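Q: Please take a close look at a single part of this model and describe it in its setting. I would like one connected account, with the cut-offs behind each term.

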Amino acid sequence: MTPEIARTDDLYLRAAAQEDIPALSALSAAARARYAGWPDLAFVATAPPLGPDRFAAGETLVARLEDDPTPLGFVLLRPLDGLLYLDNISVASNAGGRGIGTLLLAAAEARRLALGLPGISLTTFRAPPWNGPWFRRQGFAPMPPEAIGAGLADVIARQNRMLDPASREVLWRSSSDTGREG
């Protein structure tokens, strides 16, 4: 069994195991369904789920109930350009509003600290409330262009081939922004 990383009253986090990947792929596809209500982003709802190669490229933490093995959310992380890159965070649509995203983000912050990295970076959509606005409420801010490293620039260039760059933003939160030393 994979060891527990963090816990709340009824939720706990653990590192993903190989056998979790099919369920996490399905969760990523289901979580994207909420984009169907955003006309400019409705195409995201039918995008392919995250595949095994994407999970293999990073470290995934899974949130679930103690008595149910079904993943309720996950965060996919990887070091990139001297920061921790938040590659994806997804929460099951039937589990929204329970603080799972906040728990996953706190676990990402703990992982950043454990790795001794000075901040977390991510790319996201500007508009839906569960994207850019949510991250900004969590203390993230626009990343200055001069702070964007080569790896993140590659991610942005790849995304720009598939997505309208005007709909996207690059955010970060450094150790000084969290009030903690990193």
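A: Gly-116 adopts a positive phi of about 70 degrees just after helix H3, where helices (H or I, at least four residues) and strands (E, at least two) are DSSP runs numbered from the N terminus. The model is a predicted one, in which local features need pLDDT of at least 70 and side-chain atom pairs count only at pLDDT 80 or more, while totals for chains, interfaces and linings use all residues. Residues are numbered from 1 along each chain as its sequence is written, and side-chain values use heavy atoms, with hydrogens and water left out.

H3 itself covers residues 100-115, and its 16 residues reach 23 Å from the first C-alpha to the last, close to the expected 22 Å, a span defined as 1.5 Å times one less than the number of residues. Its buried residues (under 20% relative accessible area, against over 50% for exposed and in between for partly exposed, with a 1.4 Å probe and protein chains only) are Ile-100, Gly-101, Leu-103, Leu-104, Leu-105, Ala-107, Ala-108, Glu-109 and Arg-112.

Ile-100 is also among the residues with the most contacts inside the largest nonpolar core, which has 33 residues, and it shares that standing with Phe-55, Phe-74, Leu-77, Leu-86, Phe-135 and Phe-140; such a core is a set of buried Ala, Val, Leu, Ile, Met, Phe, Trp, Tyr and Cys residues joined through side-chain atoms within 4.5 Å. At least two residues of this core come from each of H3, strands S2 (11-15), S3 (59-65), S4 (71-80), S5 (83-91) and S6 (119-125), and helices H1 (21-31) and H4 (132-137). H3 supplies the largest share, six residues. Another core, of eight residues, lies apart from this one and includes Tyr-85, Met-143, Val-155 and Ile-156. Leu-104 of H3 is one of the residues that Phe-74 touches, others including Leu-24, Leu-27, Phe-55 and Ile-89, when residues up to four places away in sequence are not counted (contact means heavy atoms within 4.5 Å).

The charged side chains of H3 make links of their own, among the eight salt bridges found in the whole structure, each being a side-chain nitrogen of Lys or Arg within 4 Å of a carboxyl oxygen of Asp or Glu. Arg-111 meets Glu-59 in one of them, at 2.7 Å from N to O; because Arg-111 lies in H3 and Glu-59 in S3, the pair ties together parts that are 52 residues apart in sequence. Arg-111 counts as partly exposed at 27% relative accessibility, and Glu-59 likewise counts as partly exposed, at 29%. Within the helix, Glu-109 and Arg-112 form a further salt bridge, with their closest N and O atoms 2.6 Å apart, and they lie three residues apart, about one turn of the helix. Both Glu-109 and Arg-112 are buried.

H3 also contributes at least two residues to the lining of the largest pocket, as do H1, H2 (52-56), S5, S6, H4 and H5 (150-162), although S5 gives the most, with seven residues. On a 1 Å grid over the protein atoms alone, a pocket is an open set of points where a 1.4 Å probe fits, with protein on both sides within 12 Å along at least five of seven lines, and lining residues have an atom within 4 Å of a point. The volume of this pocket is about 1,200 Å³, taken as the space filled by probe spheres set on the points, which are joined across faces, edges and corners. Of its 46 lining residues, Tyr-35, Asn-88, Ile-89, Ser-90 and Asn-131 are the closest to its centre.
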